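Here's a quick briefing on the model you have open. Take a look at the fold first, then work through the points below.

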Amino acid sequence: MSQIYDQQLEAAGLTITQYGLLGHLKSFDGIGIGALAEKLVMDPTTLTRNIRPLERLGFVVQAPDPNDKRSRSLHLTDKGRDAYAEARPAWAKAQRQIEQALGADDASALNAALDRMLDRLTG
């Protein structure tokens, strides 16, 4: 399924992982790497590797955490917000493609099962 998303998002210059990171940063601007990694059930080192290309593209910047100068917080730039917004139709197209392939009932059941699994992993 990730290949379907990646194929659709390719025209926007993003992968599904990058699109998801931009979306999370849009919702949690200023979050630290450790806190974001926890939300994503991801290793902080892996997250850092995935953030670097977005920084190089100017979509994300790191800044000192105002509450703890030893920590860094992540911020979505205007360019990153624009890239996320421009990629949204491609993401929606991938969603429709998957729903058509699985059927509405199976797609809904799959999403519910994935949500339950994430709750168990993070709970």
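A residue is called buried when its relative accessible area is under 20%, exposed when over 50%, and partly exposed in between (1.4 Å probe, protein chains only). By that yardstick, 28% of the 123 residues in the chain are buried. Keep in mind that this is a predicted model: local features need pLDDT of at least 70, side-chain atom pairs count only at pLDDT 80 or more, and totals for chains, interfaces and linings use all residues. Residues are numbered from 1 along each chain as its sequence is written, and side-chain values use heavy atoms, with hydrogens and water left out.

**Overall layout**

- You'll find six helices and two strands in the chain; these are DSSP runs (helices are H or I with at least four residues, strands are E with at least two), numbered from the N terminus.
- Going along the sequence, the pattern reads α-α-α-α-β-β-α-α.
- Along the principal axes, the C-alpha atoms fit a box of roughly 50 × 35 × 20 Å.
- Take the contacts (heavy atoms within 4.5 Å) with a separation of 6 or more: 53% of them are between residues 24 or more positions apart.

**How helix 4 packs**

- A pair of packed helices is described by the angle between their axes and the distance between the axes. Here axes are lines fitted to C-alpha atoms, for helices over the stretch in contact, and angles run from 0 to 180 degrees between N-to-C directions.
- Helix 2 (residues 16–27) and helix 4 (residues 44–56) have axes that come within 10 Å and cross at roughly 90°. Helix 2 is therefore roughly perpendicular to helix 4; for the labels, under 35 degrees is roughly parallel, over 145 roughly antiparallel, 65 to 115 roughly perpendicular and the rest oblique.
- On the helix 2 side, this contact uses Thr 17, Gln 18, Leu 21, Leu 22 and Leu 25, and on the helix 4 side Leu 47, Asn 50, Ile 51, Pro 53 and Leu 54. By class, that's seven nonpolar, three polar and no charged residues (Ala, Val, Leu, Ile, Met, Phe, Trp, Tyr, Cys and Pro count as nonpolar, Asp, Glu, Lys and Arg as charged, and the others, Gly among them, as polar).
- Helix 3 and helix 4 have axes that come within 9 Å and cross at roughly 105°, so these two are roughly perpendicular to each other.
- In that second contact, Ile 33, Leu 36, Ala 37 and Leu 40 of helix 3 meet Pro 44, Leu 47 and Thr 48 of helix 4. The split is six nonpolar, one polar and no charged.

**The largest pocket**

- A pocket is found on a 1 Å grid over the protein atoms alone, as an open set of points where a 1.4 Å probe fits, with protein on both sides within 12 Å along at least five of seven lines; lining residues have an atom within 4 Å of a point.
- The largest pocket holds about 870 Å³ of space, where the volume is what probe spheres set on the points fill, with grid points joined across faces, edges and corners.
- It's lined by 27 residues, and those closest to its centre are Ile 16, His 24, Leu 114, Asp 115 and Leu 118.
- Helix 2, helix 3 (33–40), helix 5 (78–102) and helix 6 (104–122) each give the lining at least two residues, with helix 6 supplying the largest share, eight residues.
- The lining breaks down into 18 nonpolar, six polar and three charged residues.

**Residues to look up**

- Gln 18 sits in helix 2 and is buried, at 13% relative accessible area. Setting aside neighbours within four places in sequence, Gln 18 contacts Gly 13, Pro 53 and Leu 54.
- Ala 83, in helix 5, is buried too, with a relative accessible area of 10%. Not counting residues up to four places away in sequence, Ala 83 touches Leu 14, Leu 22 and Phe 59. Ala 83 and Gly 13 are 70 residues apart in sequence, yet 8.6 Å apart in space, C-alpha to C-alpha.
- Gln 62 belongs to strand 1 (residues 60–65) and is partly exposed at 25% relative accessibility. The C-alpha atoms of Gln 62 and His 75 are separated by 6.2 Å.
- Most residues other than glycine have a negative phi. Val 41 isn't a glycine, but has a positive phi of about 50°; look for Val 41 in the loop between helix 3 and helix 4, partly exposed at 41% relative accessibility.
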